[in-house]
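Me: I would like to learn how to read a protein structure, one feature at a time. Where do we start?

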Protein chains: 2
Amino acid sequence: MRDEASIIARLSRIVPSRIGVWPSRGVPLGIGDDAAVVQFPRGCESVFSTDAFVEGAHFLTRLHPPQAIGYKALARAVSDLAAMGAAPRYFLLTLSLPAGKAGAWLDHFARGMARAARRFGIRLVGGDVSRHTSVVAALTVIGEARPGRALTRSGARPGDALYVTGHLGAGQAGLELLLREGPRAIARHPDSYSLKRHLYPDPRLAEGAWLATNKFASAAMDLSDGLSTDLARLCAASHVGAVVHASALPLVHGERPGSRRAAAPREDRAALRRALHGGEDYELLFTVPRRLASRIPSRFHGVPLTRIGEIVSRRGVVMLDAGGRIRPLRPLGWDHFAPK
Amino acid sequence: MRDEASIIARLSRIVPSRIGVWPSRGVPLGIGDDAAVVQFPRGCESVFSTDAFVEGAHFLTRLHPPQAIGYKALARAVSDLAAMGAAPRYFLLTLSLPAGKAGAWLDHFARGMARAARRFGIRLVGGDVSRHTSVVAALTVIGEARPGRALTRSGARPGDALYVTGHLGAGQAGLELLLREGPRAIARHPDSYSLKRHLYPDPRLAEGAWLATNKFASAAMDLSDGLSTDLARLCAASHVGAVVHASALPLVHGERPGSRRAAAPREDRAALRRALHGGEDYELLFTVPRRLASRIPSRFHGVPLTRIGEIVSRRGVVMLDAGGRIRPLRPLGWDHFAPK
């Protein structure tokens, strides 16, 4: 069995890190002391978010490969920085795990996290490991934003257009596929878009930074718990309501993973349900003042930007369906503590 | 049962927090968005540390009152800032807990954390709650230090004098009392120094800041896993060795809690074992260049500062006992993953 020091050393060798004394480049002191010391560039604001990734609640070790768990633990925390339009810089990891997972499992976990860290340009500067009956990874991510440019949830105004990046429902579709077929689904569907989004989500960092830099968005957040739940949060923070056009939603169609073509009505209903209430899409939900809406292209670096509705002054979120009916959109997305 | 939003709202009402938009005072955006936004004063360095406080590993809910768990979760994280000589500013909390603990238990936990936050002058700026089979609190603390003044572990040099704050072994003695007598020990021994240090440790913030500001310490760290283990870490980081004088150690004497008087030889041996290998003292271990040792008083604001040995060039940690014998001091303190 390994001891704490060797676990920390191993993690920080595999994951892009600042270790020990760095006389320059913004981190005078990295991993290995009581704390890390960071210098932020003058005139920037620091952006902080924290997120726990918990066995049983967010993933299952019998179902999810350790690489994906390590990758996703960091990706979902970084998604909060994307939602602020902030640039990722540093992160800290507290990892609780059973002794039996401190060997090969941990190496795979670290490799997945390393892949995410390289992709997002973020470095590990501190951490803590302890023993527990199950795996709990808590991540704190630190980013930078230009003063006053961070994208908040509270700036949406009546008349603003409502947008999402990418497609909705993929995270949920990938989870359903994995639950249905078990771990072998991963080898069986190597090209599944849904499975890829579920296991290795790609926070919309470039899109968030572009919205913030150009001041296009009046409000933004990332979709982690499902559109119906997250849109209600954005509206509550902005003291507004919203109308969602069901026919405009960029669905992931079909039970078959990866397929995005039009589908039979039953499949359509399932796709709509996933898009509205499925969690873990890690797409951005954002609002744009009407006068700026013409500046939003239909794609940004290949990622669709879709107008799905508008902000209204009347509180509450409603949906306009294909038949022209308006009905309340209840928040039926993910809530850890909601009555089941 | 409560939902996530109400849990977060409740936590942030009880614990000193920055909630929502704060146009000034260093936190443009607090709890409630995807992330918090912080402005650091010009010319300061930011100090980060993260720490998990885990049911089963660090505390037992059948033994430890929720107030003490909330207090200590924050205190032990802040102790890492004390060890850097940094001033605490902000913290983030990720809390995983069973649904059954989301009511009264959580309120008591939050009140304990609030007491710690007020005492240490630190504010909650972000968090995340999720459901889990047991309680895991991961804290990230953020402090400020003057550039180049943070106290590291790596600056000890041969000839430096070795010091500790306070008394050693109290944390372990308090734990032993609690394990022996159960939760009723708390009402039974209201004046127990050991129990107080075990349940409500007091990070040495003033002492750390004083050492850093005056550049008295060449190296420092906090004692969380026991002197024998932590001193070995400081020596490894500084590429030096150390000699500890057993007779100089500021022990907590006696099986009777709170007593610090001289004791019978058997009690003395137990006190020495706790001081050397007992964890969770949260005192500071620091080294002082010989020419500055005369500047270190025997007490600082009532807290003893005790010279317990010196740094030597020969690697390894040895102890000089009362009989004049020198023997190796093996690191027998706390390690979550060490073979038992």
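Reply: Keep in mind that this is a predicted model. We can start with a single residue and ask which element holds it. Ile326(B) belongs to strand S13 of chain B, which covers residues 326-328.

Me: Is Ile326(B) buried or exposed?

Reply: Exposed means over 50% relative accessible area. Ile326(B) has 56%, so it counts as exposed.

Me: Which residues does Ile326(B) contact, leaving aside its neighbours within four places in sequence?

Reply: Its contacts are Val318(B), Met319(B) and Leu320(B). Distance along the chain and distance in space are separate things to read. Ile326(B) and Val243(B) lie 83 residues apart in sequence, and their C-alpha atoms are 8.7 Å apart in space.

Me: How many salt bridges does a search of the whole structure find?

Reply: The general idea comes before the count. Side chains of opposite charge can pair when their charged atoms come close. In this structure, the search gives 30 salt bridges over all chains. One of the pairs is Arg153(B) with Asp34(A), at 3.0 Å from N to O.

Me: Where do Arg153(B) and Asp34(A) lie?

Reply: Arg153(B) is in the loop between strands S5 (136-145) and S6 (161-165) of chain B. Asp34(A) is in the loop between helix H1 (4-14) and strand S1 (36-38) of chain A, so this pair joins two chains.

Me: Are these two residues buried or exposed?

Reply: The cut-off for buried is under 20% relative accessible area. Arg153(B) is at 14%, so it is buried. Asp34(A) is at 5% and is buried as well.

Me: Which residues of chain A form a salt bridge within helix H8?

Reply: Asp230(A) and Arg233(A) form a salt bridge, at 3.0 Å from N to O. Both are in helix H8 of chain A, residues 227-238, and they are three residues apart, about one turn of the helix. Asp230(A) is buried, with 1% relative accessibility, whereas Arg233(A) is partly exposed at 25%.

Me: What is found in helix H8 of chain B?

Reply: Asp230(B) forms a salt bridge with Arg233(B), and their closest N and O atoms are 2.9 Å apart. The two residues are three apart in helix H8 (residues 227-238) of chain B, so about one helical turn separates them. Asp230(B) is buried at 1%, and Arg233(B) is partly exposed at 26%. Salt bridges can also share partners: Asp33(A), Asp34(A) and Arg153(B) are joined in this way into one network.

Me: Now the sheet. What is the order of its strands?

Reply: To read a sheet, list the strands from one edge to the other. In this open sheet of five strands the order is S4(A)-S3(A)-S5(A)-S2(A)-S1(B), and the pairing is mixed.

Me: Which strands stand at the edges?

Reply: Strand S4 (123-131) of chain A and strand S1 (36-38) of chain B do. Each has a single partner strand, so one side of each is left without a neighbour in the sheet. On average, neighbouring strands of this sheet are turned by 20° against each other, direction ignored.

Me: How many bridges join S2 of chain A to S1(B)?

Reply: Three bridges join them; S2(A) covers residues 45-54, and the two strands run antiparallel. Phe48(A) stands opposite Ala36(B) in S1(B).

Me: Which strands does H1(A) touch?

Reply: H1(A) packs on the sheet and touches S3 (87-97) and S4 of chain A. The direction of H1(A) makes about 150° with that of S4(A).

Conventions
Residues numbered from 1 in each chain as written. Chains lettered and ligands numbered in written order. Predicted model: local features only at pLDDT ≥ 70, side-chain atom pairs only at ≥ 80, totals over all residues. Heavy atoms only, no water. Helix = DSSP H or I, 4+ residues; strand = E, 2+ residues; numbered from the N terminus. Buried < 20%, exposed > 50% of the residue type's maximum accessible area, 1.4 Å probe, protein only. Contact = heavy atoms within 4.5 Å. Salt bridge = Lys/Arg side-chain N within 4 Å of Asp/Glu carboxyl O. Pairing = 2+ DSSP bridges. Axes fitted to C-alpha atoms, helices over the stretch in contact; angles between N-to-C directions.
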